[in-house]
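Dear colleague,

I am handing over the structure below, and after it I set out what was found on going through it. Please read the notes with the coordinates open beside you.

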Amino acid sequence: VGGPCLASGLANKVHSSVVIANSNIKTAKKISDLLNTSYYHTSFSDDLNGVEVSAAIKNIFSMLIGASKGLCNTSANKELREKNYLNTAASLLQQSIYEMIIFTQNLKGKKETVLGLAGIGDLYVSADGGRNSKMGYFIGEGISYEDAKKLKMPNETVEGAELIFEIGAKIKNDFSIKKLPLMISMINTILNKKPLKIEWNNFK
């Protein structure tokens, strides 16, 4: 099951949409039909790879979008950045989706899945205020991941960072910073303990 469905919202029966994935499309549809309710809206897919990969890597890109306030104009004061970061956030969102498609297709997932609930949908929810976005905000302000984790989020799991610790080195071996400028930048920031630096000229 993938998609933008926060547990607290679902518990309060707000309208929520998810995608049910199974390698057998008939099974996926059957499960989807069984789980569908008046507020829990289910779709189905046979793209297991796409749903699983999108659900994982959106956490990394949520951190990057969360950093937009700090990245929008490094010479401006905090008040100005707080009010004028949306252009930067939109640019980071577009590039995030582009890189998610490249990465997911490399692992035999489908572009359409990234453009659906498991990709864009889940990225939106996470980037709009999840734990990964919160960590991204601190990193965008120039605080190292280690300090932010220790001082700001000691009891919270940051899935994007945990994923980077697991597969970041392999991603760097498989992709160049020109191919995945956002993803590699965040990997470098966390693994190499470097300030977050975005290679804007590599954006597509």
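In this predicted model, the largest nonpolar core is made up of 41 residues, and within that core Met183 and Met186 are the residues with the most contacts. The elements that contribute two or more residues to this core are helix H3 (48-66), helix H6 (86-106), helix H8 (117-127), helix H9 (131-140), helix H10 (145-152), helix H11 (159-174) and helix H12 (181-191). Of these, H3 gives the most, with 7 residues. If you would like a place to start looking, methionine 183 is a convenient one: once its neighbours within four places in sequence are left aside, methionine 183 is in contact with Ile57, Ile60, Phe61, Leu64, Glu99, Phe103 and Ile171.

The aromatic rings come next, where the count is 4 pairs by the rule applied here. In one of them, tyrosine 137 with phenylalanine 138, the ring centres are 5.7 Å apart and the planes stand at 70°, which is over the 60 degrees required, so this pair is classed as edge-to-face. Both tyrosine 137 and phenylalanine 138 are buried. Another pair joins tyrosine 145 and phenylalanine 165, whose ring centres lie 5.7 Å apart with the planes at 65°, so that this pair too is edge-to-face. Because tyrosine 145 sits in helix H10 and phenylalanine 165 in helix H11, the pair ties together parts that are 20 residues apart in sequence. As for how these two partners are placed with respect to the surface, tyrosine 145 is buried, with a relative accessible area of 6%, whereas phenylalanine 165 has a relative accessible area of 41% and is partly exposed.

Finally, there is the matter of open space, which may be of interest for your own calculations. The largest pocket holds about 400 Å³, and it is lined by 18 residues, of which Ile65, Tyr85, Ala127, Asp128 and Ser133 are the closest to its centre. The elements that supply two or more residues to this lining are H3, helix H4 (68-71), H6, H8 and H9, and the largest share, 4 residues, comes from H6. Sorted by character, the residues of the lining of the largest pocket comprise 10 nonpolar, 5 polar and 3 charged.

With best regards

Note on methods. Residues are numbered from 1 along each chain as its sequence is written. This is a predicted model: local features need pLDDT of at least 70, side-chain atom pairs count only at pLDDT 80 or more; totals for chains, interfaces and linings use all residues. Side-chain values use heavy atoms; hydrogens and water are left out. A nonpolar core is a set of buried Ala, Val, Leu, Ile, Met, Phe, Trp, Tyr and Cys residues joined through side-chain atoms within 4.5 Å. Buried means under 20% relative accessible area, exposed over 50%, partly exposed in between (1.4 Å probe, protein chains only). Contact means heavy atoms within 4.5 Å. Rings of Phe, Tyr and Trp (its six-membered ring) pair if their centres lie within 6.5 Å; planes under 30 degrees apart count as stacked, over 60 as edge-to-face and the rest as tilted. On a 1 Å grid over the protein atoms alone, a cavity is a set of points where a 1.4 Å probe fits but cannot get out, and a pocket is an open set with protein on both sides within 12 Å along at least five of seven lines; lining residues have an atom within 4 Å of a point. Grid points are joined across faces, edges and corners, and a volume is the space filled by probe spheres set on the points. Ala, Val, Leu, Ile, Met, Phe, Trp, Tyr, Cys and Pro count as nonpolar, Asp, Glu, Lys and Arg as charged, and the others, Gly among them, as polar.
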